[in-house]
Amino acid sequence: MRTSDYREKSILLLWTLTFAGSCLQRPSSLQSVETSAHDPRNTLDIPQEVVNTTVQQNVTLSVKFLSNGTPTIEWKHLSKWGRQCIIVWKPGIFKNISEGYKDRINNYENGSIQLIDTKLSDSGYYDITVTEDSGFSKHGALILNVYEVLYEDLHFSLVITAFLIAVLLLMSFFCWLCNKFVEKIKQRQMYKAEKQEEFEMKIV
């Protein structure tokens, strides 16, 4: 857990410094648009800010946005290997996917993306920018953690499962023996009762 927290904090700090530097390089007109009054018709929401998965899985980075028109959506990935643009698209108009993601990414109308066959290198900070035709932009970000499958843990789980199955079988066998023992006792009691009844009838 400490390693994961440290990695998330490191990635967050790296992304913050990179994003701050990119903002300083932007034209002042664009900065004024991004800091303009909030338009209630344009919202961007990220339901899950930290996503955890394992290698060789398909994972969806979910977002929800409301727009007054048809915006341009851009996803970027920031990790210890650097910053990379993943995909840029405008629904129904164009879509550009980076070379390294062409066969392993799906995009959706609500702005979400799906990474296919995840790798350890997919871990990191993901930044989404939704830009209106007017130039108004909304930013959001989330963290993706990709873990290796520990076969030691899998082996331990299999051993525990086998042990529980064995215990269940032993308990079932014990219950079967108890039922047989109870049946034997009942049969003996019935036999004694019949013999007692026969003896009483002979005496009469």
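Tutor: Contact here means heavy atoms within 4.5 Å, and we shall apply that cut-off to a predicted model.

Student: Which residues does Tyr126 touch, not counting residues up to four places away in sequence?

Tutor: Tyr126 touches Leu61, Trp75, Lys76, His77, Ile86, Leu115, Gly140, Ala141, Leu142 and Leu144, with residues up to four places away in sequence left out of the list. Tyr126 is also the bridge partner of His77 in strand 10, and among the residues with the most contacts inside the largest nonpolar core are Tyr126, Trp75 and Leu144.

Student: What makes that set of residues a nonpolar core?

Tutor: The term asks for buried residues of kinds such as Leu, Ile, Trp and Tyr, joined through side-chain atoms within 4.5 Å. The largest such core has 23 residues, and Leu61, Leu115 and Ile128 are also among those with the most contacts inside it. Two or more residues come from each of strand 3 (59-61), strand 5, strand 6 (82-90), strand 9 (113-115), strand 10 and strand 11.

Student: Why is strand 10 said to be largely enclosed by the rest of the structure?

Tutor: A residue counts as buried when its relative accessible area is under 20%; 7 of the 8 residues of strand 10 are buried, and strand 10 is therefore largely enclosed by the rest of the structure.

Student: How do you know that strand 10 and strand 11 pair?

Tutor: Pairing requires at least two bridges, and strand 10 (residues 124-131) and strand 11 (residues 137-147) have 8 bridges in the antiparallel sense, so the requirement is met. One of the bridges joins Asp127 to Ala141 in strand 11, while Thr131 stands opposite Ser137. The two strands form a hairpin with 5 residues between them, and Gly135 in the turn has a positive phi of about 100°. Strand 10 also pairs with strand 5 (residues 72-79), again in the antiparallel sense, over 7 bridges.

Student: What makes strand 2 and strand 7 the edge strands of the sheet?

Tutor: The open sheet of 6 strands has the order 2-11-10-5-6-7, with mixed pairing, and strand 2 (50-54) and strand 7 (94-97) each pair on one side only.

Student: Why is Lys95, in strand 7, called partly exposed?

Tutor: Partly exposed lies between the limits of 20% and 50%; Lys95 has a relative accessible area of 46%, so the term applies.

Student: How do you know that a polar contact joins the side chains of Lys95 and Asn107?

Tutor: The cut-off for a pair of N or O atoms is 3.5 Å, and the contact between these side chains is 3.2 Å. The C-alpha atoms of Lys95 and Asn107 are 9.4 Å apart in space, with the residues 12 apart in sequence.

Conventions
Residues numbered from 1 in each chain as written. Predicted model: local features only at pLDDT ≥ 70, side-chain atom pairs only at ≥ 80, totals over all residues. Heavy atoms only, no water. Helix = DSSP H or I, 4+ residues; strand = E, 2+ residues; numbered from the N terminus. Buried < 20%, exposed > 50% of the residue type's maximum accessible area, 1.4 Å probe, protein only. Polar contact = N/O pair within 3.5 Å; in protein donor to acceptor, adjacent residues only side chain to side chain.
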